[in-house]
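Good morning, everyone, and thank you for making the time. I would like to walk you through one structure, slowly, so please take a moment to look at the sequence and the model before I go on.

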Amino acid sequence: MSANPKKILFGVCGIGLGHSHRQLPIIEHFAKDNKIMIFAYGNSYDFFKQRFEANGNIKVQKVAVPFLPGN
């Protein structure tokens, strides 16, 4: 951990795992020296919660994302 860690918030789309897999290396990189909070829902919440359950620098928070499918 660096002498002056930053607090970083990531919001990750939870429809499928595409966004989760693309943001994973970025989150892991910044988590080495900073505190990370991930706002997630759906598949991304489950993925990150399991992946980082033992990492003290990363917290995963479930959020509600209301949306209406259009045509």
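Before I place any residue, a word on naming: when I say helix or strand, I mean a DSSP run, at least four residues for a helix and at least two for a strand, numbered from the N terminus. Please also keep in mind that what you see is a predicted model.

With that naming, Phe39 is found in strand 2, and because its relative accessibility is 34%, Phe39 counts as partly exposed. Together with Leu9 and Met37, Phe39 makes a nonpolar surface patch of about 250 Å².

Let me turn to helix 1, which runs over residues 18–31 and so has 14 residues. At 1.5 Å a residue, helix 1 should span 20 Å, and its end C-alpha atoms are indeed 20 Å apart, so the expectation and the model agree. Even so, helix 1 has a kink of about 40 degrees at Leu24, shortly before the proline Pro25.

Which residues of helix 1 are buried? They are Ser20, Gln23, Leu24, Ile27 and Ala31, so that Leu24 is both the site of the kink and one of the buried residues. As for what covers these buried residues, the cover includes strand 1 (7–12) and strand 2 (35–40), and also helix 2 (42–51) and strand 3 (58–62).

Helix 1 also takes part in a salt bridge, and a search of the whole structure finds one. In that salt bridge the side chains of Glu28 and Arg51 meet, at 2.9 Å from N to O. The pair links distant parts of the chain, since Glu28 lies in helix 1 and Arg51 in helix 2, 23 residues apart. Are these two partners buried, partly exposed or exposed? Glu28 has a relative accessibility of 30% and therefore counts as partly exposed, and Arg51, at 45%, likewise counts as partly exposed, because that class covers what falls between under 20% for buried and over 50% for exposed.

Finally, let me point to Pro5, which is found in the segment before strand 1 and is partly exposed, with a relative accessible area of 33%. Leaving aside residues up to four places away in sequence, Pro5 touches Asp33 and Asn34. The C-alpha atoms of Pro5 and Lys32 are separated by 9.5 Å, although these two residues are 27 residues apart along the chain.

Thank you, and I am happy to go back to any of these places on the screen.

Technical notes:
Residues numbered from 1 in each chain as written. Predicted model: local features only at pLDDT ≥ 70, side-chain atom pairs only at ≥ 80, totals over all residues. Heavy atoms only, no water. Expected span 1.5 Å × (residues − 1). Bend = angle between axes of the 7 residues up to and from the residue. Buried < 20%, exposed > 50% of the residue type's maximum accessible area, 1.4 Å probe, protein only. Contact = heavy atoms within 4.5 Å. Patch = residues over 30% accessible without salt bridge, like charges linked within 9 Å, V, L, I, M, F, W, Y side chains within 5 Å. Areas by Shrake-Rupley, 256 points an atom, 1.4 Å probe, with all protein chains shown as cover. Salt bridge = Lys/Arg side-chain N within 4 Å of Asp/Glu carboxyl O.
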